[in-house]
Amino acid sequence: MNKSPFLKLQNGEILHVGDTKHTLQGELTIQKFSYGFDIASKTSIINHLIHKHKLDNYLEIGVRDGRNFNKIVINKKIGVDPYPKKRIDNLYEITSDKFFNKNKDFYDIIFIDGLHLEYQTDKDIEESLKFLSKDGFIILHDCNPPTEFHQRENYEINGKFPQWNGTVWKSFAKLRMTNSNLMMSCVDCDWGVGIIKKGKSKIFNFSEKLNYNFLEKNRIDLLNLISVNYFINNY
């Protein structure tokens, strides 16, 4: 008889399937995704969508060492990163700007995890929407910074590189406030995993400056923040 999977934390605490622990990164939980049991993360969310919707073509912007890219299970996948940390198959070693400039293909799912700054994320989302298949998904990492420090402009602090979400959330929020032709949610795990899909939605109305205080006051509604369990049942 197979035992149910579980996760043992450093403090000795045990998480069983369905248990949820709230952390700085969001929900820490093991759930049954469309492809099987897994820990909630950007990778499991992407693989869930691929498996459930039978997606075929994947693009990842910001591959780095391939930690996420290599775990994605799909028929066709390519990556884009001008400075990868490892040799990775099917990788374009150029900037996303240059890639989209010459790209002619469409993708069922695009994962954006490149430069975590608003101006670049704006461009990556805009270009990704041009090459997204009709029922495709854009996945955006680092949408839910837990503190103002996490959403700082500069990654490096005194020669060190603490966890950094950057200003990705601003790109996500601006679309929530201006584009009624996109359906958007943010899964509350792994620093906030944004989901963008073409479709009608209600614009989030605002009248304040888009800064961290505004995010803090409106986080749930602004990001359309959803639980991992809600994601699995509705996506």
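Let me start with charges: this structure is a predicted model, and the count of salt bridges in it comes to 10. I will go through three of these pairs, then the chain as a whole, then one residue and one helix.

The first pair is aspartate 190 with lysine 42, where the closest N and O atoms are 3.8 Å apart. The cut-off for a salt bridge is 4 Å, so this pair counts. Where do the two partners sit? Aspartate 190 is in the loop between β11, residues 182-187, and β12, residues 193-198, while lysine 42 belongs to helix α1, residues 42-53. The pair therefore ties together parts that are 148 residues apart in sequence. Both aspartate 190 and lysine 42 are buried.

The second pair is arginine 67 and aspartate 65, whose side chains form a salt bridge at 2.9 Å, N to O. Is arginine 67 buried or exposed? Its relative accessibility is 59%, and exposed means over 50%, so arginine 67 counts as exposed.

The third pair is lysine 174 and glutamate 118, with 2.7 Å between the closest N and O atoms. Lysine 174 is part of helix α4, residues 168-178, and glutamate 118 is part of helix α3, residues 118-130, so this salt bridge ties together parts 56 residues apart in sequence. Lysine 174 is partly exposed, at 26% relative accessibility. Glutamate 118 is also partly exposed, at 23%. There is a further partner here: salt bridges that share partners join Glu118, Asp122 and Lys174 into one network.

On charges overall, the protein chain has 33 positive and 29 negative ones, and the mean positions of the two sets are 3 Å apart.

Now the chain as a whole. It has six helices and 13 strands. Its radius of gyration is 18 Å, close to the 18 Å that the globule rule gives for 235 residues, so the chain is as compact as a globular protein of that length. Along the principal axes, the C-alpha atoms fill a box of roughly 55 × 45 × 45 Å. Of the 235 residues, 52% count as buried. The chain exposes about 12700 Å², and carbon and sulfur atoms supply 48% of that area. Taking contacts between residues at least 6 apart in sequence, 54% join residues at least 24 apart.

For a single residue, take isoleucine 138, in strand β10, residues 132-140. Isoleucine 138 has 0% relative accessibility and counts as buried. Which residues touch isoleucine 138, leaving aside neighbours within four places in sequence? The contacts are Ile110, Ile112, Ile125, Ser128, Leu129, Leu132, Gly194, Ile195 and Ile196. One of these, isoleucine 195, is 57 residues away along the chain, yet its C-alpha atom is separated from that of isoleucine 138 by 5.8 Å.

Last, back to helix α4. How many of its 11 residues are buried? Nine are, so α4 is largely enclosed by the rest of the structure. The buried residues are Val168, Trp169, Lys170, Ser171, Phe172, Ala173, Leu175, Arg176 and Met177. Their cover includes α3, β10, β11, β12 and α5, residues 212-223. Two of these elements came up earlier: α3 holds glutamate 118, the partner of lysine 174, and β10 holds isoleucine 138.

Definitions and conventions: Residues are numbered from 1 along each chain as its sequence is written. This is a predicted model: local features need pLDDT of at least 70, side-chain atom pairs count only at pLDDT 80 or more; totals for chains, interfaces and linings use all residues. Side-chain values use heavy atoms; hydrogens and water are left out. Helices (H or I, at least four residues) and strands (E, at least two) are DSSP runs, numbered from the N terminus. The radius of gyration is taken over C-alpha atoms; the globule rule is 2.2 Å times the number of residues to the power 0.38. Buried means under 20% relative accessible area, exposed over 50%, partly exposed in between (1.4 Å probe, protein chains only). Contact means heavy atoms within 4.5 Å. Accessible areas come from the Shrake-Rupley method with a 1.4 Å probe; for residues, only the protein chains shown count as cover. Lys and Arg count as positive and Asp and Glu as negative; His and the chain ends are not counted. The place of a charge is taken as NZ of Lys, CZ of Arg, CG of Asp or CD of Glu.
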